[in-house]
Amino acid sequence: MKQMKWTGLILAAMMVFLAACGGGNNAGNAGNNKQESEQASSNANANASTNTTADETAERTVKHALGETKITGTPKKIVVLEWTYAEDLIALGVQPAGVADVKGYGEWYGAIDPRLDATVVDVGTRQEPSIETITSLEPDLIIGVNFRHEAIYDQLSAIAPTLIFNPYPEEGGLDQYSEMEQTFSAIADALGKKAEGEKVLADLHSYYDESKAKLASAGKEGQEVVFTQAWTNEGVATFRLFTDNSMAMAILAKIGLKNAHQDSAFQQYGYSETDIEGLTKTPDASVLYTTSATDTVFSELLPKNEVYKNLNFAKENRVYDMKGIWPFGGPLSAKLLVERTLEALG
């Protein structure tokens with residue numbers, strides 16, 4: 001009996017000892033797990049901090065019409081000296097800090113959403129922006145156009161990194177539409193929004209394909225059109241008839257329409273400027289036009305013109321208002337032009 005009693009006591013002691021060891025291991029594991037969790041969290045925070053720092057210090061070299069410009073980090077305050085590039089920023093979800101001729105942008109881009117914020121500062125005219133106002137905004141990036149701002153490029157570059165683009169390539173170069181997409185992609189890259197820019201263009205191309213199919217279904221594929229920007233000048237109608245290398249006609253070609261206006265000479269700006277006689281050469285084409293909101297050239301002046309009234313497109317009511325669309329814009333304007341063309345012809 002004594003031996004059995006001692007055996008029982010020994011077994012009981014061993015069980016207590018093992019339980020104590022096991023408890024210590026569990027406590028140690030719990031402590032280790034907590035430490036590992038804290039370390040992982042610390043590492044994640046460190047990585048996030050490192051990535052943020054890397055984004056702020058990362059350099060990108062962006063090519064433009066006047067060379068290459070290095071941009072460090074992500075520009076937050078951007079001044080734009082040409083409407084098209086303000087539209088490009090809007091398409092990328094970015095509001096500019098300053099824009100040249102804010103009022104004019106609002107008049108020609110009234111249908112583009114989102115609109116410019118009320119906080120956007122007007123920095124003067126597109127032709128003569130205010131260096132003083134631009135400087136006061138302390139921008140991280142300035143975007144301009146070569147035929148207006150090449151002469152002040154050094155002044156602008158002294159304020160902030162500056163990109164200057166050429167929307168009107170010379171003969172043998174890109175057409176205006178291809179240049180628009182190339183410039184839009186460069187701006188997206190400069191803003192650290194390359195992926196967003198690619199999506200904007202991909203969606204736009206899909207929309208072209210859908211629209212082309214709709215016009216084909218309506219029997220309008222290959223239909224001849226003339227696209228014109230028109231205005232009244234001292235009681236006389238003046239027309240810009242857009243050529244094949246223009247952005248507007250390149251967009252319309254993508255949805256299956258054909259340009260009836262042909263110019264034997266290369267027009268770098270993408271249009272031939274003419275009077276009413278220019279329209280008499282394409283009487284069987286449909287006319288798509290854009291005017292400023294206050295100009296009455298198509299609503300009042302031309303209906304009284306005997307030459308105009310006897311042209312086939314006028315007699316057959318094949319004259320369509322594109323409602324003031326800006327024909328030199330970016331991807332949002334391109335989509336709007338297609339939308340309004342479908343409304344008119346589809």
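Which residues are buried in α8? In the predicted model examined here, the residues of this helix that count as buried are G197, V200, L201, L204, Y207, Y208, S211 and L215. The elements that cover these buried residues include α2 (83-91), α7 (176-190), α9 (247-254) and α14 (331-345). Helix α8 itself comprises 24 residues (194-217), for which a rise of 1.5 Å a residue gives an expected span of 34 Å; the C-alpha atoms at its ends are 35 Å apart, in agreement with that expectation. Just after α8, a positive phi of about 75° is found at G219.

The chain as a whole contains 14 helices and 13 strands, and 43% of its 346 residues count as buried. Among the contacts in the chain with a separation of 6 or more, 63% are accounted for by residues that lie 24 or more positions apart. The mean pLDDT of the chain is 88, with 84% of the residues reaching 70 or more. Over residues 1-34, however, the pLDDT is below 50, and this stretch has zero contacts in the model beyond near neighbours in sequence. Residues 40-54 likewise have a pLDDT that stays under 50, and the model shows zero contacts for them beyond four places in sequence.

Five strands form an open sheet in the order β5-β4-β3-β6-β7, with parallel pairing. Because β5 (121-122) and β7 (162-165) stand at the edges of this sheet and have a single partner strand each, one side of each is left without a neighbour in the sheet. Within the sheet, strand β3 (residues 78-80) runs parallel to strand β6 (residues 141-145) and is joined to it by three bridges, with I78 having L141 as its bridge partner in β6.

A further set of pairings involves strand β8 (residues 224-233). This strand pairs in the parallel sense with strand β10 (residues 258-259) over two bridges, and also in the parallel sense with strand β12 (residues 286-290), here over five bridges. V225 takes part in both pairings, since its bridge partner is N259 in β10 and S286 in β12. By contrast, β8 and strand β9 (residues 236-242) run antiparallel and are joined by six bridges, with N233 standing opposite V236 in β9. The hairpin of β8 and β9 has two residues between the strands, and in it E234 takes a positive phi near 55°.

S286, the partner of V225 in β12, is also among the residues touched by R318. R318 is placed in the loop between α13 (312-315) and β13 (319-321), and it counts as buried because its relative accessibility is 15%, below the 20% cut-off for that class. When residues up to four places away in sequence are not counted, R318 touches P283, D284, A285, S286, V287, N312 and F313. One of these residues, A285, has its backbone oxygen 3.0 Å from a polar atom of the R318 side chain.

Aromatic side chains were also examined, and a search of the whole structure finds 18 aromatic pairs. In one of them, F147 and Y269 adopt an edge-to-face arrangement, with a distance of 6.4 Å centre to centre and an angle of 75° between the planes. Because F147 lies in helix α5 (residues 146-149) and Y269 in the loop between β10 and β11 (271-274), the pair ties together parts that are 122 residues apart in sequence. Both rings belong to partly exposed residues, the relative accessible area being 39% for F147 and 40% for Y269. F239 and F298 form another edge-to-face pair, at 6.2 Å centre to centre and with 75° between the planes. Here F239 lies in strand β9 and F298 in helix α11 (residues 297-301), so that parts 59 residues apart in sequence are tied together by the pair. Both members of this pair count as buried, with a relative accessibility of 0% for F239 and 8% for F298. Ring pairs also link W83, W108, F147, Y168, F227, F242, Y269, Y271, W326 and F328 into a cluster, in which F147 and Y269 are included.

Note on methods. Residues are numbered from 1 along each chain as its sequence is written. This is a predicted model: local features need pLDDT of at least 70, side-chain atom pairs count only at pLDDT 80 or more; totals for chains, interfaces and linings use all residues. Side-chain values use heavy atoms; hydrogens and water are left out. Two strands pair if DSSP finds at least two bridges between them. Helices (H or I, at least four residues) and strands (E, at least two) are DSSP runs, numbered from the N terminus. Buried means under 20% relative accessible area, exposed over 50%, partly exposed in between (1.4 Å probe, protein chains only). A polar contact is a pair of N or O atoms within 3.5 Å; within protein, one must be able to donate a hydrogen and the other to accept it, and residues adjacent in sequence count only if both atoms are side-chain atoms. Contact means heavy atoms within 4.5 Å. pLDDT is the predictor's confidence in each residue, from 0 to 100. The expected span of a helix is 1.5 Å times one less than its number of residues. Rings of Phe, Tyr and Trp (its six-membered ring) pair if their centres lie within 6.5 Å; planes under 30 degrees apart count as stacked, over 60 as edge-to-face and the rest as tilted.
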